[in-house]
Amino acid sequence: LKDLPFAKSLELNGAARETDYSLSGKVTTWKAGLVYEPDDMFRFRATRSRDIRAPNTFELFSPVTAGFTTVIDEKTGVETLPHYLTGGNPDLQPELSYTNTAGVVFTPGDWLRNLSLTVDFYDITVRNVITEQGGQTILNNCEAGEAADCALITRDANGNVSSINDVYQNLNELHARGVDLEVDYRHDLPLNLGTVNLRG
């Protein structure tokens, strides 16, 4: 919509995509956005999207290799050096994220027409995060009662940790939230010497 009594401009946009992975199956992603300019001074914008990241070849198919890692076993109180297995996992599923953003752009006009102030809020949640945990984290989680992590630990006949399996997994989630602020000012130099742009 353009040049109406309640809006200089109002735009709604959207997109959707369905992807079919041979290993991970079908995943649908989408995005919706709104941009509203009531006048020359303010521009409001907001978006919401559902995004994915499929596991890459290394995360899926890198060979499992054995090394060693130092951990402290809270159950026995002993620092030990178990076998530490790392590598790919062909059962990984895509990461899934939801992103919300909202912001406003302020351009005062008149003698401050070259000034622009921007404030943007963002909130991003990623689920099924593909990562390795680290041997000590797996051990600590098992001691805290996480059965899935206990299944990654092997103990010998004496009850000591003999190996830890830390291949790539889909874990819980990551969450990031914050505000971006930006100030932009352009100053025209005299005698046609060009312009100076300041941004913070």
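**Exercise 1. Find what share of the chain's 200 residues counts as buried.**

Step 1: take the cut-off, under 20% relative accessible area with a 1.4 Å probe and protein chains only. Step 2: by that rule, 30% of the 200 residues are buried. A note before going on: this is a predicted model, where local features need pLDDT of at least 70, side-chain atom pairs count only at pLDDT 80 or more, and totals for chains, interfaces and linings use all residues. Residues are numbered from 1 along each chain as its sequence is written, and side-chain values use heavy atoms, leaving out hydrogens and water.

**Exercise 2. Work out whether threonine 29 is buried or exposed, and what it touches.**

Step 1: locate threonine 29 in strand S3, residues 25-37 (strands are DSSP runs of E, at least two residues, numbered from the N terminus). Step 2: its relative accessible area is 13%, so threonine 29 is buried. Step 3: beyond neighbours within four places in sequence, its contacts (heavy atoms within 4.5 Å) are Ala15, Ala16, Arg17, Arg50, Asp51 and Ile52.

**Exercise 3. Trace the open sheet of four strands and name its edges.**

Step 1: follow the order S5-S8-S12-S11, with mixed pairing (two strands pair if DSSP finds at least two bridges between them). Step 2: S5 (65-68) and S11 (153-155) each have a single partner strand, so one side of each is left without a neighbour in the sheet. Step 3: look at S11 and S12 (residues 161-165), which run antiparallel and are joined by three bridges. Here arginine 155 stands opposite valine 161 of S12.

Terms used
Buried means under 20% relative accessible area, exposed over 50%, partly exposed in between (1.4 Å probe, protein chains only).
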